[in-house]
Amino acid sequence: MPRAIPFQIRPAIAADAPALAALSIQVWLATYATEGVSDLLARYVLEQFTPAAFTAWMEDADTALVVAEAGSHLVGYARLGFNAPQPLSPDIGTELCTLYVQEPFTRSGVGSALLDKACATIGERTGSDAMWLTVNTQNRRACAFYEKHGFARKGTTWFVLGEGCHENLVLARP
Ligand SMILES: CC(C)(COP(=O)(O)OP(=O)(O)OC[C@H]1O[C@@H](n2cnc3c(N)ncnc32)[C@H](O)[C@@H]1OP(=O)(O)O)[C@@H](O)C(=O)NCCC(=O)NCCS
């Protein structure tokens with residue numbers, strides 16, 4: 001049952017970097033470490049989601065970060081990558097690299113609001129609101145979310161982590 005949670009969407013600022021890193025690790029592990037936290041997964045999240053990485057993204061002209069804030073706490077974010085070609089969707093050059101909502105705040109419209117803001121941000125920058133993304137085929141919730149929001153399948157790709165290959169769908173809109 002959807003809950004009414006007051007939140008606002010805004011561009012990320014430098015001071016958000018530590019909270020974005022912590023939120024990312026929490027959401028990534030909750031989503032993908034379904035059999036516990038292996039050394040491989042631990043190293044991956046600790047290397048990938050650092051405050052320094054978010055600071056670098058904020059300074060990168062080809063990246064946009066928007067956050068969802070409830071009170072003074074971050075509850076989700078979206079990261080966009082511009083000039084990001086995808087062979088399976090060659091006409092679209094903007095990737096929705098990440099869309100994460102902290103679990104207690106899911107199913108409350110936060111993800112949809114972040115997606116709307118991401119769309120508006122792309123429109124301001126490129127004049128089109130088209131974007132592509134990849135999603136793990138096992139991530140049924142996210143697949144349902146993107147399907148509801150009008151994304152269409154363009155093909156499959158693989159996320160390689162250690163010796164594991166994980167099938168991902170490439171989705172795009174429009
Ligand atoms: C996928 C995710 C971003 C959705 O964010 P959210 O804030 O829960 O989404 P919303 O509340 O805006 O939901 C919008 C719609 O998506 C669909 N949806 C969301 N959660 C769903 C679920 N558990 N089961 C089925 N449909 C779901 C519904 O159609 C929903 O509309 P409704 O609530 O009116 O039925 C969020 O669940 C998340 O961050 N998950 C973990 C990280 C992740 O998987 N990110 C995507 C990786 S590519």
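## The ligand shell and the aromatic cluster

Helix H5 supplies the largest share of the shell around the ligand, namely six residues. The model described here is a predicted one, and every value below was computed from its atoms.

### Around the ligand

There are 21 residues around the ligand, and those that come nearest to the ligand are Val101, Arg107, Gly111, Ser112 and Asn139. When the shell is sorted by class, ten of its residues are nonpolar, eight are polar and three are charged.

Oxygen atoms of the ligand also lie at short listed distances from N or O atoms of three residues, and the table sets these out, with the part of each residue that takes part.

| Residue | Part of the residue holding the N or O atom | Distance to an oxygen atom of the ligand |
|---|---|---|
| Ser108 | backbone | 3.1 Å |
| Arg141 | side chain | 3.2 Å |
| Lys148 | side chain | 3.0 Å |

How much of the ligand's accessible area does the protein cover? On its own the ligand has 920 Å² of accessible area, and the protein covers 81% of this. The elements that each give two or more residues to the shell are helix H1 (17–32), strand S4 (95–101), helix H4 (110–126), strand S5 (131–136) and helix H5 (140–148).

One of the residues that come nearest to the ligand, Arg107, is found in the loop between S4 and H4. Arg107 counts as exposed because its relative accessible area is 71%, which is over 50%. The same loop between S4 and H4 holds Gln102, but Gln102 is buried, with a relative accessible area of 18%. The side chain of Gln102 is joined to the side chain of Gln26 by a polar contact of 2.8 Å.

### Aromatic residues

A search of the whole structure finds ten aromatic pairs. In one of them, the ring centres of Phe54 and Trp57 are 5.0 Å apart and the ring planes stand at 75°, so this pair is edge-to-face. Why are Phe54 and Trp57 separated by about one helical turn? Both residues belong to helix H3 (residues 51–59), and they are separated by about one helical turn because they are three residues apart in that helix.

Phe54 also forms an edge-to-face pair with Tyr77, with 5.5 Å from centre to centre and 85° between the planes. Since Phe54 lies in helix H3 whereas Tyr77 lies in strand S3 (residues 73–81), this pair ties together parts that are 23 residues apart in sequence.

Are these three aromatic residues buried or exposed? Phe54 is buried, with a relative accessible area of 0%, and Tyr77 counts as buried at 0% relative accessibility. Trp57 has a relative accessibility of 16%, and therefore counts as buried, the limit being under 20%.

These three residues belong to one aromatic cluster, which is formed by Trp28, Tyr32, Tyr44, Phe49, Phe54, Trp57, Tyr77, Tyr100 and Phe159. Trp57 has a further neighbour in Arg79, which lies over the face of Trp57, at 3.7 Å from the ring centre. In another such arrangement, the charged end of Arg125 sits over the ring of Phe82, 4.0 Å from its centre. As for distances across the model, the C-alpha atoms of Trp57 and Gly127 are separated by 22 Å, and these two residues are 70 residues apart along the chain.

### Backbone features

Some residues deserve attention for their backbone geometry. Most residues other than glycine have a negative phi, and most peptide bonds are trans. Against this background, Arg107, already met in the surroundings of the ligand, has a positive phi of about 60° although it is not a glycine. Asn83 is not a glycine either, and its phi is positive as well, at about 55°. Asn83 has its place in the loop between S3 and S4 and is exposed, with a relative accessible area of 60%.

Which residues are joined by a cis peptide bond? The bond in question joins Arg173 and Pro174, and its omega is about 0°. Pro174 lies in the segment after strand S7 (164–173).

Conventions: Residues numbered from 1 in each chain as written. Predicted model: local features only at pLDDT ≥ 70, side-chain atom pairs only at ≥ 80, totals over all residues. Heavy atoms only, no water. Near = heavy atom within 4 Å. Polar contact = N/O pair within 3.5 Å; in protein donor to acceptor, adjacent residues only side chain to side chain. Areas by Shrake-Rupley, 256 points an atom, 1.4 Å probe, with all protein chains shown as cover. Helix = DSSP H or I, 4+ residues; strand = E, 2+ residues; numbered from the N terminus. Nonpolar A, V, L, I, M, F, W, Y, C, P; charged D, E, K, R; others polar. Phe/Tyr/Trp six-rings, centres within 6.5 Å; stacked < 30°, edge-to-face > 60°. Buried < 20%, exposed > 50% of the residue type's maximum accessible area, 1.4 Å probe, protein only. Lys NZ or Arg CZ within 6 Å of the ring centre and 35° of its normal.
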